[in-house]
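User: I am new to this structure and would like to go through it in questions and answers. Could we begin once it is on display?

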Amino acid sequence: MKKHLFWFRYLIIPTMLLLFLSCIANKNATGGQVTMVILDATIWTGDAAAPKAEALAVCGDKIVAVGTTEQIKKLITDSTTVIDGFGKFVTPGFIDSHLHFLTGGFQLASVQLRDAQTPAEFIQRIKKYAEAVEPGSWITGGNWNHKLWGGDMPCHDWIDSVTTNNPVWINRLDGHMALANSLAMKIARITKDIKDIDGGTIVRDAAGFPTGIFKDNAMYLIDRAVPEPSDEMKDRAIQAAMSYVAEHGVTSIQHMGGWDDLVVFERAHKNGKLKTRLSAAVPLSTWKELKAKVAKEGNGDVWLRFGGLKGYADGSLGSHTAAFFQPFTDAPKDSGLLVNSFEDLYSWTKNADQAGLQVIVHAIGDRANHLMLNIFESVSKENGERDRRFRIEHAQHLSANDILRFGQLHVIASMQPYHAIDDGCWAENVIGAERIRTTYAFRSLLDCGAKLALGSDWYVAPPIPLQGIYAAVTRRTLDGKNPNGWVPDQKITVTEALRAYTTDAAFASFEENVKGALKPGLLADFVMMDRDITAIPPEKIWNVQILMTVVGGKVIYKK
Ligand SMILES: [Zn+2]
C-alpha cells in the first residue's frame with residue numbers, strides 16, 4: 001500500500017508541474033488556460049462597471065475575461081470548448097435566496113395537490129397516490145391550497161376512507177398548517193384530550209375533537225410521529241432537487257433548515273456530488289453550536305457555506321398566523337400570533353450577532369416585522385458597528401415607516417415574488433384594501449435604499465426564477481384578474497429583479513466577492529436563455545426557456 005502511494009506521488013508531481021507550466025505557457029491577459037468560451041451572446045453581467053458584453057472566457061471554475069466576441073476569440077486554444085451563443089441571453093446563474101431544499105426534493109416524488117381545484121379533486125389525487133404506495137408508509141407533502149376551492153378547511157374524514165392503510169400528514173402549500181388523517185392521529189396518540197399548544201392551533205369540531213388540521217407549533221404533535229427518512233432517501237432527495245433547480249437556471253441556493261439537513265449536504269459535498277452551490281442556515285436558537293462549528297471549520301467553501309441562523313417571528317397569512325397590529329379583515333377577533341417570545345428572539349439575536357454569525361428571521365405580519373426591526377436596531381447599537389447583514393425573510397406586510405427602516409438599518413429584505421401573485425388572489429379579503437398597499441412592497445423597499453434578495457420559498461412555491469422575475473415585474477395574479485398588476489405601484493424593473501436574483505442575493509450570503517456577477521475572478525456560474533428578458537414585454541418572461549446552466553465552468557443542464 002505504502003509503495004503504491006509512493007509511486008503515485010512520483011506520478012502526480014510531474015503531472016501537476018506540467019499543468020502549471022501549460023498555464024504559464026498560455027498565459028495571456030487571462031492568467032491561465034481558457035477551458036470554455038461563450039461567443040456572440042447577449043450578456044447581462046450584473047457588473048455595474050460593465051453591464052453588457054458579447055462573450056466571456058472561463059478557466060477551470062472561474063471567469064477570466066468578459067468582453068466582445070473579437071476579444072474573447074483570441075483566447076481560444078486547442079483545448080477550449082467553444083459555445084456559440086447565437087445571440088441568446090446570458091446572465092449570472094440565478095441564486096434562490098430562500099428555500100427548503102430537502103423538503104422540495106422529497107416533494108418532487110410526493111402526492112401533488114398544489115393545483116387541486118376542488119375538494120373532490122383533492123380527495124381523488126390522494127386516493128390514487130395511496131393506491132400506489134406501500135401499505136403503512138406515510139404520505140406527506142402535498143402542498144394543498146384550500147383557497148382554490150373557496151376556503152373550506154379539509155378535515156380527516158374527507159380522506160379517511162381512501163387512506164385506511166396509510167397515515168397521511170399533508171401540508172398546506174405555505175407549510176404553516178397540515179392535515180392528518182385518523183390513522184396518523186392514532187399513531188401520534190392524538191385524542192380529544194390533547195392540550196392546546198402555545199404558538200399553534202389544534203382545529204377542533206363542535207364536540208372538541210381535532211379535525212386533523214394542526215397549525216404552526218401544533219404541527220409538532222404529528223411531526224414527531226413521522227419516521228425519519230433514511231440517509232439514502234435524503235441523498236436521493238437532494239440529487240433530485242439539484243437536477244430540478246438546474247433546469248430552471250439556478251446555480252446557488254440559500255437553504256433554510258436544520259442541522260440534519262446540513263449533515264446531508266456535507267455528505268454530498270464530501271462525495272463530490274454537489275452541482276448546486278449551497279448556503280445552509282440552521283435554527284437561530286442553536287447559535288452556540290454554530291459558533292463552535294464556525295470557530296473550528298470557518299464558514300465552509302464555495303460549494304457549501306454556513307454561518308447563517310434562521311429564526312421565526314410569526315406564522316403565515318394564509319393560515320391566519322402572521323402577527324399583525326390590527327385584526328384580520330375577515331376574522332375581526334384575530335390578529336395572528338408570534339411563534340417565539342420577544343425575549344427569546346432578542347437574546348438569540350444578540351448572542352448570535354456577538355458571535356459574528358448572520359441572523360435571518362422569518363417575519364410576515366406588520367407587527368412581526370416591526371418587532372424584528374426593533375430587535376435589529378437595538379442589537380446593532382448594543383453590539384457596535386460591524387458588517388452583519390441582518391435579514392428579514394418574507395417581509396411581506398410592512399407599515400410605511402418600517403419600509404424606511406429597512407433602508408436606514410441596512411436590513412436585507414429577502415422576498416419571494418411568486419407569493420405576491422399567488423396571495424394577491426385572496427389577500428385583500430384577509431387584510432383589507434389599505435394594508436395591501438404596502439404588501440410585497442418591492443418598489444418602496446428599493447426606493448428607500450433597502451437591498452432585495454429574491455427567492456422562491458420552494459417547496460412553498462416553484463423554484464423557478466423566471467416566474468419570480470415575471471411576478472416581481474408584472475404583479476399579475478395567478479387567477480388572471482389583475483392584468484395590469486396587483487398593487488401596480490410596487491412593480492420593479494427586470495434589471496432590478498435580475499440583480500436581486502444574482503448580485504444582491506450573493507451579497508445576502510456574504511458571497512458577492514465570489515459569485516453573483518460575470519466578471520474576471522468570479523466563479524463561472526451562469527445561465528443561457530432563449531430570449532433577452534430585458535428586451536421583451538414582461539408578460540412573456542413566464543415562457544422564456546432555459547437553454548443551459550453552468551456551475552463552476554461545467555454544464556450541469558442543457559436543453
Ligand atoms: Zn420558507
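Analyst: A disulfide is a pair of cysteine sulfur atoms within 2.5 Å. The model shown here is predicted, and the disulfides make a plain starting point.

User: How many disulfides does the structure hold?
Analyst: The cut-off that matters is that two cysteine sulfur atoms must lie within 2.5 Å of each other. Applied to this predicted model, that criterion gives a count of disulfides equal to zero.

User: Is C155 buried or exposed?
Analyst: A residue counts as buried when its relative accessible area is under 20%. The relative accessible area of C155 is 16%, so C155 is buried.

User: Which class does C448 fall into by its relative accessibility?
Analyst: Buried means under 20% relative accessible area and exposed means over 50%, with partly exposed in between. C448 has a relative accessibility of 26%, which lies between those limits, and therefore C448 is partly exposed.

User: Which residues coordinate the zinc ion?
Analyst: The donors of the zinc ion follow the spacing H-x1-H-x356-D along the chain. The two histidines each contribute an NE2 atom and the aspartate contributes OD, at 2.1 to 2.2 Å. The residues that coordinate the zinc ion are thus H98, H100 and D457.

User: Are H98 and H100 buried or exposed?
Analyst: The limit for a buried residue is a relative accessible area under 20%. H98 has a relative accessibility of 0%, while the relative accessible area of H100 is 10%. Because both values fall under that limit, H98 and H100 are buried.

User: What is the volume of the largest cavity?
Analyst: The structure holds one cavity of 30 Å³ or more. Its lining consists of P92, G93, I95, T251, S252, K515, G516, A517, L523 and D525, and these residues divide into four nonpolar, four polar and two charged. The space in the largest cavity is about 40 Å³.

User: Which elements give two or more residues to the lining of the second largest pocket?
Analyst: The second largest pocket holds about 360 Å³ of space, and 19 residues line it, with R386, R388, R389, L409 and H410 lying nearest its centre. The elements that give two or more residues to this lining are α12 (366-383) and α13 (400-408).

User: How many residues in the lining of the second largest pocket are charged?
Analyst: The lining of the second largest pocket can be divided by residue class, with seven nonpolar and five polar residues among its members. In that division, the number of charged residues is seven.

User: What are the bridge partners of V37 in β6 and β4?
Analyst: V37 belongs to strand β1 (residues 36-39), where V37 and L39 point one way while M36 and I38 point the other, and all of them are buried. β1 pairs with strand β6 (residues 81-84) in the parallel sense over four bridges, and with strand β4 (residues 55-59) in the antiparallel sense over three bridges. In β6 the bridge partner of V37 is V82, and in β4 the residue opposite V37 is A57.

User: Which strands are the edge strands of the six-stranded open sheet?
Analyst: The six strands of this open sheet run in the order β9-β10-β11-β12-β14-β13, and the pairing is mixed. Each edge strand pairs on one side only, and the edge strands are β9 (111-112) and β13 (200-204).

User: Which residue in β12 is the bridge partner of I170?
Analyst: Strand β11 (residues 168-172) pairs with strand β12 (residues 177-180) in the antiparallel sense, over three bridges. In β12, the bridge partner of I170 is L179.

Definitions and conventions: Residues numbered from 1 in each chain as written. Predicted model: local features only at pLDDT ≥ 70, side-chain atom pairs only at ≥ 80, totals over all residues. Heavy atoms only, no water. Buried < 20%, exposed > 50% of the residue type's maximum accessible area, 1.4 Å probe, protein only. 1 Å grid on protein atoms, 1.4 Å probe; cavity = no way out; pocket = protein on both sides within 12 Å on 5 of 7 lines; lining within 4 Å. Points joined across faces, edges and corners; volume = space filled by probe spheres on them. Nonpolar A, V, L, I, M, F, W, Y, C, P; charged D, E, K, R; others polar. Donors = N, O, S within 2.8 Å, 3.2 Å for Na, K, Ca; no water. Pairing = 2+ DSSP bridges.
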